[in-house]
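Let's work through a few exercises on a protein structure together. Take each task at your own pace, and try it before you read the solution.

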Amino acid sequence: MSGDTAVRSGDTVVRSGDPIVRAIGLAKHFGQFQALKAISLDVFRGEVLCIIGPSGSGKSTLLRCVNQLEKVTDGALWVDGELVGYRREGDRLYELTESQIARQRLATGMVFQRFNLFPHMTALENVIEGPVQVLKRPKAEAIAEAKTLLARVGLDHKADAFPVELSGGQQQRVAIARALAMKPKLMLFDEPTSALDPELVGEVLTVMRDLARSGMTMIVVTHELGFAREVASRVVFMDQGQIIETGPPSEILTRPGNPRTADFISAVIS
């Protein structure tokens, strides 16, 4: 999948090559509850896709399926050209082992609502843990890279601080650096500012804006409509497990074509 790109110019996204994420007829059940219903979606390399919608609409479940924290019930999902969770031999599909799933998961980095930092490790130690333990990179090399990443998120001066010594915004920025340390091809953000005090939201969004400008492919579940308007290549509105509407931010956030989208946006900005 080399050479596939999505270049944003204003609200125009010019795509070429194969998508880095492709979902076809994706469904997810939790018992009798259907969290995702026939989701079909392509995300191209270099895109920033913002997913909006009410609580319980399936936004986070979709991200968790992409990162294989949830197993797809029906349909098919590809990430970076690989069928997620399965291998094909002839006309048959076989489930991957846990180690094979872990290898596939390395293509994505995920930042959650809660920061999930290791409380007994410093910021620097949190960032190097994955590269050293999972990728088996030399520790000195991982430390040098981690310091660069902490500087990138504005926290080079907090390398030796423990999570309890950091604000929520600082912890989330460490979490972003930790995800980037694994060199993912795709970054997933699951409402990364929802657990933060309002005055701390901006510092996290600033880091995410910088990531977007650098060309990182991102799927962001968010209620921050201003961020989506400024940064997104496309906006997807979900409700009741379905994609209701998708398009450029100037269209979806200003002139939505579906009444459900319009009602949601009015409720968020009122």
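**Exercise 1: Two cysteines**

Task: Find out whether Cys 65 is buried or exposed, and work out how many disulfides the structure has.

Solution, step by step:

- Before you start, keep in mind that this model is predicted.
- Begin with Cys 65. Its relative accessible area is 1%, so Cys 65 counts as buried, since the cut-off for buried is under 20%.
- Now turn to Cys 50. With a relative accessible area of 0%, Cys 50 is buried as well.
- A reminder from chemistry: a disulfide is a covalent bond between the sulfur atoms of two cysteines.
- To count as a disulfide here, the two sulfur atoms must lie within 2.5 Å.
- Next, look at the distance. The cysteine sulfur nearest to that of Cys 50 belongs to Cys 65, and it is 19 Å away, which leaves Cys 50 in no disulfide.
- Seen from the other side, Cys 65 has Cys 50 as its nearest cysteine sulfur, again 19 Å away, and Cys 65 is in no disulfide.
- The count of disulfides is therefore zero.

**Exercise 2: The chain as a whole**

Task: Describe the protein chain by its helices and strands, and decide how its radius of gyration compares with the globule rule.

Solution, step by step:

- Count the secondary structure: there are nine helices and 14 strands.
- Compare the radius of gyration, 19 Å, with the 18 Å that the globule rule gives for 270 residues. The two values are close, so the chain is as compact as a globular protein of that length.
- Picture a box along the principal axes: the C-alpha atoms fill roughly 55 × 50 × 40 Å.
- Finally, ask how much is hidden: buried residues account for 50% of the 270 residues.

**Exercise 3: A sheet of four strands**

Task: Give the strand order of the open sheet of four strands and name its edge strands.

Solution, step by step:

- Recall that strands of a sheet pair through backbone hydrogen bonds, either parallel or antiparallel.
- Read off the order, E4-E3-E6-E7, in which the pairing is antiparallel.
- Look for strands that pair on one side only: these edge strands are E4 (33-43) and E7 (82-83).
- Zoom in on E3 (residues 21-30) and E6 (residues 74-79): five bridges join these antiparallel strands.
- For one example of a bridge, start at Val 21, whose partner in E6 is Val 79.

**Exercise 4: Two pockets**

Task: For the largest pocket and the second largest pocket, find the volume and the element that gives the largest share of the lining.

Solution, step by step:

- Start with the largest pocket, which has a volume of about 600 Å³. It is lined by 23 residues, and those closest to its centre are Thr 108, Met 110, Arg 178, Ala 179 and Met 182.
- Elements that give two or more residues to this lining are helix H2 (98-105), strand E10 (108-111), helix H3 (123-133) and helix H5 (168-180). The largest share, five residues, comes from H3.
- Sort the lining of the largest pocket by class: 14 nonpolar, six polar and three charged residues.
- Move on to the second largest pocket, with a volume of about 320 Å³. Among its 22 lining residues, Lys 71, Val 72, Val 84, Gly 85 and Tyr 86 are the closest to the centre.
- Here E6 gives the largest share, five residues. You met E6 already as part of the sheet of four strands.
- The classes in the lining of the second largest pocket are eleven nonpolar, four polar and seven charged.

**Exercise 5: Enclosed spaces**

Task: Say how many cavities of 30 Å³ or more the structure holds, and sort the lining of the largest cavity by class.

Solution, step by step:

- The structure holds two such cavities.
- The largest cavity has a volume of about 40 Å³. Its lining includes Val 21, Leu 41, Ile 51 and Ile 219.
- E3, strand E5 (48-52) and helix H1 (59-66) each give two or more residues to that lining.
- By class, the lining of the largest cavity has eight nonpolar residues, no polar and no charged ones.
- The second largest cavity, about 30 Å³ in volume, takes three lining residues from helix H6 (residues 198-213), the largest share.
- Its lining has four nonpolar, no polar and two charged residues. Arg 152 and Asp 210 are among the residues that line the second largest cavity.

Technical notes:
Residues numbered from 1 in each chain as written. Predicted model: local features only at pLDDT ≥ 70, side-chain atom pairs only at ≥ 80, totals over all residues. Heavy atoms only, no water. Pairing = 2+ DSSP bridges. 1 Å grid on protein atoms, 1.4 Å probe; cavity = no way out; pocket = protein on both sides within 12 Å on 5 of 7 lines; lining within 4 Å. Points joined across faces, edges and corners; volume = space filled by probe spheres on them. Nonpolar A, V, L, I, M, F, W, Y, C, P; charged D, E, K, R; others polar. Buried < 20%, exposed > 50% of the residue type's maximum accessible area, 1.4 Å probe, protein only. Rg over C-alpha atoms; globule rule 2.2 N^0.38 Å.
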